[in-house]
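User: Please take a close look at one part of this structure and what surrounds it. I am a first-year student, so explain each term as you go.

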Amino acid sequence: MIRRLDHIAIAVPDLEAAIARFVADLGLTLEGTEDVLSEQTSTAFLPVGQTRIELIHPIDGEGPVQASLDKRGPGLHHICFETDDIDADMAALRDKGYRFLSEAPKPGAHGTRVAFIHPKSCGGVLIELAEHPE
């Protein structure tokens, strides 16, 4: 079951410039960065209360985030909900007709298991489900 809003991901063409803007101009704190190889991104984490802003940048100009930047430019990429059982939630949503971008969860940042719901199933919004490790 969905527990909370985990993060909001923003696709950026220049990760360092985006980090500087969010830290210096908005006063957020950089928690760290991580390369998420399964999604071909370098990701910066900026906590805001119980959620985070994730700045996502394509590694080597490749992958789905690069395709998004090429098609739509920088900006909101997806929202992510934390789930306590990603397998059960995927099955329940599939039973309701939702489509996913992968058949099974993939490795995500911070040891999570993640799956993306196809935007056509959610009114044009890309939604990620993330199950955090125990």
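Analyst: **The helix α1 and the strands around it**

The buried residues of α1 pack against four strands: β1 (2-11), β2 (32-36), β3 (41-48) and β4 (51-58). Packing here rests on contact, which means heavy atoms within 4.5 Å. Helices (H or I, at least four residues) and strands (E, at least two) are DSSP runs, numbered from the N terminus.

The model is predicted, so local features need a pLDDT of at least 70 and side-chain atom pairs count only at pLDDT 80 or more, while totals for chains, interfaces and linings use all residues. Residues are numbered from 1 along each chain as its sequence is written, and side-chain values use heavy atoms, with hydrogens and water left out.

Which residues of α1 are buried? In this helix, residues 15-25, they are Leu15, Ala18, Ile19 and Phe22. Seen down the helix axis, these buried residues fall within an arc of 100°, so they line one face of α1. The arc is taken from the directions that run from the helix axis to the C-beta atoms. A general rule helps here: an α-helix has 3.6 residues a turn, so residues three or four places apart point the same way.

Buried means under 20% relative accessible area, exposed over 50%, and partly exposed in between (1.4 Å probe, protein chains only). On the face of α1 turned away from the buried side are the exposed residues Glu16, Ala24 and Asp25.

Next come the ends of the helix. Aspartate 14 caps the N-terminal end of α1, with a side-chain oxygen 3.2 Å from the backbone nitrogen of glutamate 16. A polar contact is a pair of N or O atoms within 3.5 Å; within protein, one must be able to donate a hydrogen and the other to accept it, and residues adjacent in sequence count only if both atoms are side-chain atoms. After α1 comes glycine 27, which has a positive phi near 75°.

Now the strands. Two strands pair if DSSP finds at least two bridges between them. β2 and β3 run antiparallel and are joined by five bridges, with glycine 32 opposite phenylalanine 45 in β3. These strands form a hairpin with four residues between them, and glutamine 40 in the turn has a positive phi of about 55°. β3 and β4 also pair in the antiparallel sense, over eight bridges, and threonine 41 has proline 58 in β4 as its bridge partner. The hairpin of β3 and β4 has two residues between the strands, and glycine 49 takes a positive phi near 65° there. β3 is mostly covered, since six of its eight residues are buried.

Two of these strands are also linked through side chains. A salt bridge is a side-chain nitrogen of Lys or Arg within 4 Å of a carboxyl oxygen of Asp or Glu. Aspartate 6 and arginine 52 form one, at 3.2 Å from N to O. This pair links distant parts of the chain, since aspartate 6 is in strand β1 and arginine 52 in strand β4, 46 residues apart. Aspartate 6 is buried, at 1% relative accessible area, and arginine 52 also counts as buried, at 11%. Arginine 52 has a salt bridge to glutamate 54 as well, at 2.8 Å from N to O, and glutamate 54 is buried too. These residues belong to a network of salt bridges that links Arg3, Arg4, Asp6, Arg52, Glu54 and Glu82. The whole structure has eight salt bridges.
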